[in-house]
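The paragraphs below walk through one protein structure, element by element. Keep the sequence and the model open while reading.

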Amino acid sequence: MKSVIIIGAGMGGLAAALRLRHMGFDVTVIEKQKRPGGRSNVLQEQGFRVDIGPTILVMKDTFEETYRAIGQDINRRIKFAPLDPNYRIYYHDGTYIDLYNSMAKLAAECERVEPGVTTRLFRFIGDSARKYELGMDFVARNYDRITDLANPSAALRLIQTGAYQNLFAQVGSYFKTDKLRKAFSFHSMFLGLSPFDALAMYSLITYADLVEGMQFPMGGIYSIVEDMVKLAGEMGVTLRTGTPVEEIIVEGGRARGVRLAGGEVVRADIVVSNADLVYTYKKLVPAQYRRIYTDARLDRMEYACSGYLLYLGVDKTYPHMRHQALYFSEDYRANLDAIFRTKTLPEDPSFHLNNPTITDPSLAPPGHSALYLLAPMPNLQGNVNWDEAAPVVREKLLRQLERLVDPDIRKHIVWERQYRPTDWLHDINAPYGVAFGSLSHGFFQSSYFRPHNVARDIPGLYFVGQGTYPGIGMPMVMLSARLLAERLQREAS
Ligand SMILES: Cc1cc2nc3c(=O)[nH]c(=O)nc-3n(C[C@H](O)[C@H](O)[C@H](O)COP(=O)(O)OP(=O)(O)OC[C@H]3O[C@@H](n4cnc5c(N)ncnc54)[C@H](O)[C@@H]3O)c2cc1C
């Protein structure tokens, strides 16, 4: 039986472990943190249970397929609740709209803001569906050579859909009001990209959100991680937590195992890194073996944004809230330019507000709520001093909560935690403290151009997770595990 070491127990590492074990490999997962999950982690304190990172689950089929591939049915193991509306969008002037995935209700909401918009809204959704279909042609596949990109029908559709254009500009051709332009362009932020810089192709995420809908696993996103860990144990995967890998051992030009902090050496036929790809190359692979991804090349790459998170336990419930909400600052452009261009603290941060206790009250003690606020922030390539900035951002977020949710909210906070860009750096070795994933999804960092899931200069070394293709976000990470398994299967046959 061939042995595999997987560095990192993020969702990608766990999904790969399940698949490779099912294929007959002897699998050992080695995780730096005490608790598996990586970015998809959890805080459990004083009766509150809050997801630390991802909260929005779209493209659930990628999870269903992962489970099917190992002979399991995720829907029998985890209960999912559909969310409708997907989000409430709050604007600076105190108004809001709900983004439903029922098309009639969505149109009615948009008409309140922009009378006469329905035909253009449906055209936007239809055109986004075509981008989704086109995008999937490039996403769900392994790449070996640039000619793998050659696809005449896709090239035609690329031109027909204008997927190569600028996202915000294209959204502006469907919607006349600033409010709807914001509501239908923000999704690229999930890939760590400003809608002012992203390709229009990424309105495929808006489509997936709106039409396929969002699901909430009862118990929170972390219940999926817990279930994967349980399955891994039952299938005979060895999981070592609290065990940082310090080096990938390369002998005779080939990856042969890893050296752990403390000096222990663990050998294997194959090493798969789910730790961030840039970090893996820079810190775990000795420089003399890196012909392709040198430090200079990695430094020239484009990095995604980070985020400041505030988690609050409140001794009150808010039935008028929606499970998911977004607040958009009035000057959307200034907010995004601060995050992505000047890499400075945004004056009026936009943020994501999540109240999972609306759907699953068991995530807080009876009569309480658990709130999650995520404000996208510049990554650590900027010069923000987070010891000084964190209290400032916290205060801004609390002021908005007073306006949007409850003027007395401060009196009701009984538990509080936060997460800063510097925490992503220290806890999961995320370069520049990036949050959602490290390499942003510009054209030259996507599909064939994204670092591949096999290290071409070091046989025996592979990657899984957000750093390789398809890229950032839980569904993409699930797909990356599938692509890795397919590659190893192909190499074995
Ligand atoms: C705040 C936030 C919100 C997000 N929201 C969403 C969302 O709503 N929906 C969505 O789909 N996605 C979301 N994402 C993105 C999503 O969480 C990630 O893209 C995905 O979870 C990445 O998974 P991964 O398997 O690639 O790796 P990671 O989760 O990054 O895991 C990598 C693992 O490697 C470990 N590791 C690193 N170095 C070492 C070492 N030397 N030795 C051993 N182990 C090591 C780390 O500790 C970590 O556990 C969000 C992310 C964040 C941070």
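A residue is called buried here when its relative accessible area is under 20%, exposed when it is over 50%, and partly exposed in between. The model is a predicted one.

Start with helix H13, which covers residues 332-342. Its buried residues are Tyr332, Asn335, Leu336, Ala338, Ile339 and Phe340. Where do the buried residues fall when H13 is seen down its axis? They lie within an arc of 165°, so they line one face of the helix. The general geometry of helices is relevant to such a pattern: an α-helix has 3.6 residues a turn, so residues three or four places apart point the same way. The buried residues of H13 pack against three elements: helix H7 (167-174), helix H8 (178-183) and strand E17 (369-377). Just after H13 comes lysine 343, with a positive phi of about 55°.

The loop that runs between H13 and strand E16 (351-354) contains glutamate 347. Glutamate 347 forms a salt bridge with lysine 396, and the closest N and O atoms are 3.7 Å apart. Lysine 396 belongs to helix H14 (residues 386-404), so the pair ties together parts that are 49 residues apart in sequence. The two partners differ in exposure: lysine 396 is partly exposed, with a relative accessible area of 26%, whereas glutamate 347 is exposed at 67%. Salt bridges also link Glu395, Arg399, Glu402 and Arg410 into a network.

How many salt bridges does the structure have in total? The count comes to 33. The general principle is that side chains of opposite charge can pair when their charged atoms come close. One of these contacts joins the side chains of arginine 490 and aspartate 144, at 2.9 Å from N to O. This pair links distant parts of the chain, 346 residues apart: arginine 490 is in helix H17 (residues 474-492), and aspartate 144 is in the loop between helix H5 (118-139) and H6. Arginine 490 is partly exposed, with a relative accessible area of 44%. Aspartate 144 is also partly exposed, at 28%.

Another salt bridge connects arginine 259 and glutamate 246, with 3.5 Å between the closest N and O atoms. Here both partners are in strands: arginine 259 in E11 (residues 254-260) and glutamate 246 in E10 (residues 245-251), 13 residues apart. Arginine 259 is partly exposed, with a relative accessible area of 26%, and glutamate 246 is partly exposed at 41%.

Two isoleucines show opposite settings. Is isoleucine 6 buried or exposed? Isoleucine 6 is buried, because its relative accessible area of 0% is under the 20% limit. Isoleucine 6 sits in strand E1 (residues 3-7). Leaving aside neighbours within four places in sequence, isoleucine 6 is in contact with Gly13, Ala16, Ala17, Val27, Thr28, Val29, Ile30, Val272 and Asn274. Isoleucine 6 and isoleucine 248 are 242 residues apart in sequence, yet their C-alpha atoms are 11 Å apart in space.

Isoleucine 159, in contrast, is exposed, because its relative accessible area of 58% is over the 50% limit. Isoleucine 159 is part of helix H6 (residues 152-161). Together with Leu158 and Tyr164, Ile159 forms a nonpolar patch on the surface, and the three have about 290 Å² of accessible area together.

Valine 229 falls between these two cases, being partly exposed at 24% relative accessibility. Valine 229 is in helix H10 (residues 222-235). Not counting residues up to four places away in sequence, valine 229 touches Leu14, Pro36 and Leu239. Valine 229 and alanine 9 are 220 residues apart in sequence and 9.0 Å apart in space, C-alpha to C-alpha.

The cysteines come last. How many disulfides does the structure hold? The number is 0. Cysteine 110 is buried, at 0% relative accessibility. Cysteine 305 is buried as well, with a relative accessible area of 1%.

Terms used
Residues numbered from 1 in each chain as written. Predicted model: local features only at pLDDT ≥ 70, side-chain atom pairs only at ≥ 80, totals over all residues. Heavy atoms only, no water. Buried < 20%, exposed > 50% of the residue type's maximum accessible area, 1.4 Å probe, protein only. Helix = DSSP H or I, 4+ residues; strand = E, 2+ residues; numbered from the N terminus. Arc of directions from axis to C-beta. Contact = heavy atoms within 4.5 Å. Patch = residues over 30% accessible without salt bridge, like charges linked within 9 Å, V, L, I, M, F, W, Y side chains within 5 Å. Areas by Shrake-Rupley, 256 points an atom, 1.4 Å probe, with all protein chains shown as cover. Salt bridge = Lys/Arg side-chain N within 4 Å of Asp/Glu carboxyl O. Disulfide = S-S within 2.5 Å.
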